[in-house]
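Thank you all for coming; I would like to take a few minutes to walk through one model with you. Please keep the display open while I talk, so that you can follow along.

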Amino acid sequence: MPSLYDITPFSLLDYPNEMSCIVWVAGCNMRCVYCHNPNIVFGKGEKEDDEVIAFLEKRIGKLSAVVFSGGEATLYAGLPALMRRVKAMGFKIKLDTNGSRPEVLRGLLAEGLVDYVAMDFKCPPEKTGALIGTSKLWEPFMQSLALLIEAASLIHTAVIPAKAGIQPVGSKLHSSEARCVTRAAQEKSLMPRGRAALDPAFQRDDDKGERFSNTPTHPLTFEIRTTVHPDWLDEKDLAWMIAFLDEAGYRGTYYIQNVASTGDKTIGNVAKPERALDLALIPSPKGFSLAYRNF
Ligand code: SF4
């Protein structure tokens with residue numbers, strides 16, 4: 001059972017424009033080769049919720065926000081209850097997530113517990129096995145993306161990339177292609193739009209519209225980000241991912257982050273990149289902006 005690993009008492013970097021602390025959750029359901037937090041991923045958390053609350057009680061008026069990170073924070077069964085307590089103290093909450101637990105995310109959004117979500121977009125589906133250690137979390141990621149797009153009210157006609165429009169990198173087509181819908185097909189038919197197109201778990205409440213239970217009403221900021229180790233993820237992969245986000249209707253800023261080369265031990269024992277990403281080969285998105293970190 002993942003639990004609380006540690007608290008970083010102060011950060012100006014992890015929550016834009018807020019003075020935050022970071023609560024690290026032990027445990028993760030991915031094994032990203034470049035991950036430099038194996039101590040958290042494989043570690044056992046020993047902190048209790050009450051320790052976090054006691055820490056925050058002394059920081060009222062000094063900190064404005066709490067970042068839940070990890071590991072994968074949504075694996076912690078006590079996360080919603082802890083967030084409720086933190087929220088009741090007046091702190092803003094940011095969640096860092098790999099997007100693998102849409103069922104948890106849905107509940108957090110519905111309760112208005114998170115103000116900011118930073119979600120990782122790891123790689124195209126055919127690279128997930130090699131890069132993150134599992135190929136089973138692509139569908140949950142798409143569901144999470146759909147939830148966030150809808151919650152942020154950034155778009156109402158999100159679709160997943162159509163087979164005719166975007167081909168996955170490499171020869172292997174991913175399983176979701178069987179369910180791909182085109183924008184034209186949606187417009188002509190009664191095919192579900194918006195969240196339903198990305199999220200197979202989505203159910204309409206009735207036949208008249210797209211209302212669904214647990215509609216989030218809390219204002220939400222979210223960002224999509226990708227950590228790039230150029231030996232593992234190349235410019236073609238990123239071009240596909242940008243096109244995917246465009247088609248999905250993402251309208252925020254997409255952050256491409258150079259892998260940290262601190263010399264720390266990584267989960268996959270990967271070496272420092274042997275080459276640099278050629279930023280000139282990264283295409284511009286149509287509907288959102290691109291930003292680079294750590295380049
Ligand atoms: S980088 Fe990957 S393995 Fe490491 S904590 Fe994040 S999702 Fe888990």
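I will begin with the sheet, then turn to the helices that lie across it, then to two backbone details, and finish at the ligand.

Before anything else, please bear in mind that what you see is a predicted model. Its sheet is an open one of 8 strands, arranged in the order 1-2-3-4-5-6-7-8, and the pairing within it is mixed. At the edges are strand 1, covering residues 4-11, and strand 8, covering 289-293, each of which pairs on one side only. From one strand to the next, the twist averages 20 degrees.

As a general reminder, the strands of a sheet pair through backbone hydrogen bonds, and they do so either parallel or antiparallel. If we look at strand 3, residues 65-70, and strand 4, residues 92-97, we find that they run parallel and are joined by 4 bridges. Within this pair, A65 stands opposite K92 of strand 4.

Turning to the helices, helix 3, which spans residues 79-88, lies across strand 1, strand 3 and strand 4, and runs at about 150 degrees to strand 4. Helix 9, residues 235-248, lies across strand 6 (221-228), strand 7 (253-258) and strand 8, and its direction is at about 160 degrees to strand 7.

Now to the backbone details, where I would ask you to find the loop between strand 3 and helix 3, which is the place of G71. The peptide bond joining G70 and G71 is cis, with omega at about 20 degrees. In another loop, the one between strand 7 and strand 8, lies N269, and although N269 is not a glycine, its phi is positive, near 50 degrees.

That brings me to the ligand, and to a question: which residues are around it? They are C28, M30, C32, C35, V41, G71, N98, K122 and I267, so that G71, the residue on one side of the cis peptide bond, appears here again. By class, this shell consists of 6 nonpolar, 2 polar and 1 charged residues. The space that the ligand takes is the largest pocket.

Methods
Residues are numbered from 1 along each chain as its sequence is written. This is a predicted model: local features need pLDDT of at least 70, side-chain atom pairs count only at pLDDT 80 or more; totals for chains, interfaces and linings use all residues. Side-chain values use heavy atoms; hydrogens and water are left out. A residue is near a molecule or strand if one of its heavy atoms lies within 4 Å of it. On a 1 Å grid over the protein atoms alone, a cavity is a set of points where a 1.4 Å probe fits but cannot get out, and a pocket is an open set with protein on both sides within 12 Å along at least five of seven lines; lining residues have an atom within 4 Å of a point. A molecule sits in a cavity or pocket if more than half of its atoms lie within 2 Å of its grid points. Ala, Val, Leu, Ile, Met, Phe, Trp, Tyr, Cys and Pro count as nonpolar, Asp, Glu, Lys and Arg as charged, and the others, Gly among them, as polar. Two strands pair if DSSP finds at least two bridges between them. Axes are lines fitted to C-alpha atoms, for helices over the stretch in contact, and angles run from 0 to 180 degrees between N-to-C directions. Contact means heavy atoms within 4.5 Å.
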